[in-house]
Amino acid sequence: MSWIGAIAILCATSITGFEWANRVRERPKRLRELKVTLQALEAEIMYGSTPLSEAFEHIGKPLKEPLSCFFLNISDLLNQGEVSVKEAWESQLLLLAKESLFKSGEIEVLRQFGSTLGRHDKEHQQKQIQLTLAHLTREEKEARDIQERYEKMCKSLGVLMGLLIVILLM
């Protein structure tokens with residue numbers, strides 16, 4: 001019976017380690033997805049002259065959760081007409097921060113970007129998007145560095161912690 005417990009402990013800690021590694025691996029992917037989304041928003045604004053509520057709806061549909069909900073909910077809030085772009089962005093950004101793998105640095109970049117949305121002409125808005133993309137590129141590079149350093153370590157740590165617990169309990 002003790003072998004079954006040891007295997008259960010080892011499996012549980014290994015799964016935890018692999019889950020940590022998965023979170024580390026997913027963050028750069030989500031940042032790339034966010035960058036592509038902002039580039040699509042730039043195209044909607046610059047070349048489509050699309051109103052922001054429609055632009056958010058167009059770019060939100062093909063995305064995965066939680067970014068899809070973020071943009072679609074902003075679109076819905078803007079279509080209701082009760083809140084400003086900044087207020088809609090801020091309210092949904094709080095939800096995105098809770099539901100996503102984004103760190104406080106990325107959320108702050110998005111917060112600053114959201115405060116400029118809909119307040120300027122197309123050219124200035126394009127500059128704001130480019131500035132945001134530059135910041136997100138820096139954050140993505142940092143996330144890739146963290147991934148390279150810690151992904152294998154998280155997996156190994158999960159397995160080794162399981163082995164340590166099993167050895168200590170024997």
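Leu-38 touches Phe-113, Ile-129, Thr-132, Leu-133 and Leu-136, when residues up to four places away in sequence are not counted. The model described here is predicted. Leu-38 also belongs to the largest nonpolar core, which has 30 residues. Within that core, the residues that touch the most other members are Leu-38, Leu-41, Leu-52, Phe-56, Phe-71, Trp-89 and Leu-117. Two or more residues of this core come from each of the elements H1, helix H2 (52-60), helix H3 (67-80), H4, H5 and H6.

**Helices H2 and H5**

Which residues of H2 are buried? They are Leu-52, Ser-53, Ala-55, Phe-56, Ile-59 and Gly-60. When H2 is viewed down its axis, these buried residues fall within an arc of 165°, so they line one face of the helix. The cover over the buried residues of H2 includes H1, H3 and H4. Leu-52 and Phe-56, both buried in H2, are among the core residues that touch the most other members.

Helix H5 (residues 104-114) has as its buried residues Glu-106, Ile-107, Val-109, Leu-110, Phe-113 and Gly-114. Seen along the axis of H5, the buried residues lie within an arc of 160°, and they therefore line one face of the helix. What do the buried residues of H5 pack against? Their partners are helix H1 (2-46), helix H4 (85-99) and helix H6 (122-169). Phe-113, one of the buried residues of H5, is also one of the residues touched by Leu-38.

Gly-105 is likewise found in helix H5. With a relative accessible area of 26%, Gly-105 is partly exposed; burial would require a value under 20%.

**The loop between H2 and H3, and Ser-75**

Pro-66 lies in the loop between H2 and H3. The peptide bond that runs from Glu-65 to Pro-66 is cis, and its omega is near 0°.

Ser-75 is a residue of helix H3. Is Ser-75 buried or exposed? Its relative accessibility is 1%, so Ser-75 counts as buried. Leaving aside neighbours within four places in sequence, Ser-75 is in contact with Ser-53, Phe-56 and Glu-57. Of these partners, Ser-53 and Phe-56 are among the buried residues of H2.

**Residues of H1 and H6, and separations in sequence and space**

Glu-19 is located in helix H1. Its relative accessibility of 41% makes Glu-19 partly exposed. Val-159 lies in helix H6, and Val-159 is also partly exposed, with a relative accessible area of 29%. Apart from residues up to four places away in sequence, Val-159 touches Leu-10, Thr-13, Ser-14 and Phe-18.

Arg-30 has its place in helix H1. Not counting residues up to four places away in sequence, Arg-30 touches Lys-64, Leu-67 and Phe-102.

The table sets out separations for selected residue pairs.

| Residue pair | Separation in sequence | C-alpha to C-alpha distance |
|---|---|---|
| Val-159 and Phe-18 | 141 residues | 8.9 Å |
| Glu-19 and Lys-155 | 136 residues | 8.2 Å |
| Arg-30 and Glu-140 | 110 residues | 9.0 Å |
| Gly-105 and Glu-123 | 18 residues | 26 Å |

For Val-159 and Phe-18, the C-alpha distance of 8.9 Å accompanies a contact between the two residues. Gly-105 and Glu-123, by comparison, are 18 residues apart in sequence and 26 Å apart in space.

**The largest pocket**

What is the volume of the largest pocket? The volume is about 150 Å³. The residues that line this pocket are Arg-23, Val-24, Arg-27, Leu-101, Lys-103, Ala-143, Ile-146 and Gln-147. H1 and H6 each supply at least two residues of the lining. By character, the lining residues divide into four nonpolar, one polar and three charged.

H1 and H6 thus recur in this description: both supply residues to the lining of the largest pocket, both give two or more residues to the largest nonpolar core, and both pack against the buried residues of H5.

Definitions and conventions:
Residues are numbered from 1 along each chain as its sequence is written. This is a predicted model: local features need pLDDT of at least 70, side-chain atom pairs count only at pLDDT 80 or more; totals for chains, interfaces and linings use all residues. Side-chain values use heavy atoms; hydrogens and water are left out. Buried means under 20% relative accessible area, exposed over 50%, partly exposed in between (1.4 Å probe, protein chains only). Helices (H or I, at least four residues) and strands (E, at least two) are DSSP runs, numbered from the N terminus. The arc is that of the directions from the helix axis to the C-beta atoms. Contact means heavy atoms within 4.5 Å. On a 1 Å grid over the protein atoms alone, a cavity is a set of points where a 1.4 Å probe fits but cannot get out, and a pocket is an open set with protein on both sides within 12 Å along at least five of seven lines; lining residues have an atom within 4 Å of a point. Grid points are joined across faces, edges and corners, and a volume is the space filled by probe spheres set on the points. Ala, Val, Leu, Ile, Met, Phe, Trp, Tyr, Cys and Pro count as nonpolar, Asp, Glu, Lys and Arg as charged, and the others, Gly among them, as polar. A nonpolar core is a set of buried Ala, Val, Leu, Ile, Met, Phe, Trp, Tyr and Cys residues joined through side-chain atoms within 4.5 Å.
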